[in-house]
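Student: I have a new model open and would like to go through it with you. Could we start with the overall picture and then move to details?

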Amino acid sequence: MSLVTLLPFIVLIGAMFLMTRSAKKKQQQAASMRNEMQPGSGVRTIGGMYATVKEVNEDTVLLDAGPGVHLMFAKNAIGAVLSDDEYNRIVHGPEAADDELTDDAVVPDDASSLTETDETAADSRIDLGKKDEADTADETAEAPKAEAAPEAAADAKKTDGESDAK
């Protein structure tokens, strides 16, 4: 056999070796992260639940999910061990002192200051091509004239989308 016929097989085996090597590294990093868990650290399970580690055993972890709620999980079910700052930010939310929106916010006593006045509402009205009430009153006044000319009345009654075909 020549080297040219063996080259695809060599490339395929090399690619498989590199993929399994990176997967093993990820598994080792996850195992070391789970082994470094200590009571009091915040964790996220693979299901997305955030809790505090209460007790670490050989294959299991006892988590404190809330007041009086203790849950037993397998170590493999721990997705990430979080730092204290990250865990507090996710679970308790940002502190009120850090929130820039609430520091200078002014809340009105009633909703009247939130709505536009009649003057500003009339000025900001946009004409979208719709007829006003005055225009519809003019059309109803012209209706008796339309009875005199049946062809003109047929044209006046047409709306968008109607055709002349009978």
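Tutor: Gladly; the surface is a good place to begin, and please keep in mind that this is a predicted model. The protein exposes about 14100 Å², and carbon and sulfur atoms supply 56% of that area.

Student: OK, and how much of the protein counts as buried?

Tutor: Of its 166 residues, 12% count as buried. As for contacts, among those between residues at least 6 apart in sequence, 36% join residues at least 24 apart.

Student: What does the secondary structure come to, and in what order do the elements run?

Tutor: There are six helices and five strands, and from the N terminus the elements run α-β-β-β-β-β-α-α-α-α-α, with the five strands following one helix and preceding the other five.

Student: In what order do the strands sit in the sheet?

Tutor: The five strands form an open sheet in the order β4-β3-β2-β1-β5, with antiparallel pairing. The edges are β4, residues 69–74, and β5, residues 78–82, each of which pairs on one side only. On average, neighbouring strands are turned by 40 degrees against each other, if direction is ignored.

Student: Which helix packs on that sheet?

Tutor: Helix α2, residues 84–92, packs on the sheet and touches β1, β2 (50–56) and β5, while its direction makes about 130 degrees with that of β2. One residue of helix α2 is Glu86, which is partly exposed at a relative accessible area of 31%. The C-alpha atoms of Glu86 and Gly42 are separated by 8.7 Å, although the two residues are 44 apart along the chain.

Student: Back to the strands, then. How many bridges join β2 to β3?

Tutor: Four bridges join β2 to β3, and the two run antiparallel. They form a hairpin with three residues between them, and the bridge partner of Val53 in β3 is Leu63.

Student: And which residue is the partner of Leu63 in β4?

Tutor: In β4 the bridge partner of Leu63 is Leu71. Strand β3, residues 60–66, pairs with β4 in the antiparallel sense over six bridges, and Thr60 stands opposite Ala74 in β4. The β3–β4 hairpin has two residues between its strands, and Gly68 in that turn has a positive phi of about 80 degrees.

Student: I keep looking at Thr45; is it buried or exposed?

Tutor: Thr45 belongs to strand β1, residues 42–45, and with a relative accessible area of 5% it counts as buried, because that value is under the 20% cut-off.

Student: What does Thr45 touch?

Tutor: Leaving aside residues up to four places away in sequence, Thr45 touches Leu63, Phe73, Ala77, Ile78 and Gly79. Leu63 is thus a contact of Thr45 as well as the bridge partner of Val53.

Student: New topic: which residues make the nonpolar surface patch?

Tutor: Leu3, Leu6, Phe9 and Ile10 make a nonpolar patch of about 420 Å² on the surface. Leu6 is found in helix α1, residues 3–35.

Student: Why does Leu6 count as partly exposed?

Tutor: Its relative accessibility is 33%, and Leu6 is therefore placed in the partly exposed class, which lies between the 20% limit for buried and the 50% limit for exposed.

Key: Residues are numbered from 1 along each chain as its sequence is written. This is a predicted model: local features need pLDDT of at least 70, side-chain atom pairs count only at pLDDT 80 or more; totals for chains, interfaces and linings use all residues. Side-chain values use heavy atoms; hydrogens and water are left out. Buried means under 20% relative accessible area, exposed over 50%, partly exposed in between (1.4 Å probe, protein chains only). Contact means heavy atoms within 4.5 Å. Accessible areas come from the Shrake-Rupley method with a 1.4 Å probe; for residues, only the protein chains shown count as cover. Two strands pair if DSSP finds at least two bridges between them. Axes are lines fitted to C-alpha atoms, for helices over the stretch in contact, and angles run from 0 to 180 degrees between N-to-C directions. Patches are made of residues with over 30% relative accessible area and no salt bridge: like charges are joined within 9 Å, nonpolar side chains (Val, Leu, Ile, Met, Phe, Trp, Tyr) within 5 Å. A salt bridge is a side-chain nitrogen of Lys or Arg within 4 Å of a carboxyl oxygen of Asp or Glu.
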